[in-house]
Amino acid sequence: MDITEIFDRVIDEQRSLDVADSEFRRMLVDDPELRRQYRAWCAEQEISEKRGFLDYCRQRFDEAESCWDALAPDEEDY
């Protein structure tokens with residue numbers, strides 16, 4: 001399974017940034033292979049291991065929120 005699929009699964013199950021981060025950190029402790037994949041992903045993304053998952057979560061949440069922007073009229077229209 002791709003590491004981002006694991007990220008997405010944790011995010012979908014937890015639906016809270018803090019809880020998702022805690023769960024993912026627990027998973028890293030319990031699974032050496034996941035920890036290896038995460039380190040490789042962080043190196044590839046040129047991001048720190050400390051911030052990698054949180055940054056991914058924030059980006060995903062921002063993308064989800066931006067879908068609603070298309071439905072809101074621009075302030076210029078008021």
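Helix α1, its partner and two positive phi values

Visitor: Where is glutamate 46 found in this model?
Guide: The model is predicted. Glutamate 46 is a residue other than glycine with a positive phi, near 55°. Its place in the chain is the loop between α3 and α4 (49-69).

Visitor: Is glutamate 46 buried or exposed?
Guide: A residue counts as exposed when its relative accessible area is over 50%. For glutamate 46 that area is 74%, so the residue is exposed.

Visitor: Which residue just after α1 takes a positive phi?
Guide: Most residues other than glycine have a negative phi. Just after α1, a phi of about 55° belongs to arginine 15.

Visitor: How many Å apart are the end C-alpha atoms of α1?
Guide: Helix α1 has twelve residues, and at 1.5 Å a residue these should span 16 Å. The distance in the model agrees with that expectation: 17 Å.

Visitor: What arc do the buried residues of α1 cover around the axis?
Guide: The buried residues of α1 are Ile3, Ile6, Phe7, Val10 and Ile11. They lie on the same side of α1, because the arc they cover around the axis is only 135°.

Visitor: At what angle do the axes of α1 and α3 cross?
Guide: The axes of α1 (residues 3-14) and α3 (residues 32-45) come within 10 Å. The crossing makes α1 roughly perpendicular to α3, a term used for angles of 65 to 115 degrees. The angle here is roughly 105°.

Visitor: How many residues in the contact of α1 with α3 are nonpolar?
Guide: From α1, Ile3, Thr4, Ile6 and Phe7 meet Leu34, Gln37, Tyr38 and Trp41 of α3. None of the contact residues is charged and two are polar. The nonpolar residues number six.

Note on methods. Residues are numbered from 1 along each chain as its sequence is written. This is a predicted model: local features need pLDDT of at least 70, side-chain atom pairs count only at pLDDT 80 or more; totals for chains, interfaces and linings use all residues. Side-chain values use heavy atoms; hydrogens and water are left out. Axes are lines fitted to C-alpha atoms, for helices over the stretch in contact, and angles run from 0 to 180 degrees between N-to-C directions. Helices (H or I, at least four residues) and strands (E, at least two) are DSSP runs, numbered from the N terminus. Angles under 35 degrees count as roughly parallel, over 145 as roughly antiparallel, 65 to 115 as roughly perpendicular and the rest as oblique. Contact means heavy atoms within 4.5 Å. Ala, Val, Leu, Ile, Met, Phe, Trp, Tyr, Cys and Pro count as nonpolar, Asp, Glu, Lys and Arg as charged, and the others, Gly among them, as polar. Buried means under 20% relative accessible area, exposed over 50%, partly exposed in between (1.4 Å probe, protein chains only). The expected span of a helix is 1.5 Å times one less than its number of residues. The arc is that of the directions from the helix axis to the C-beta atoms.
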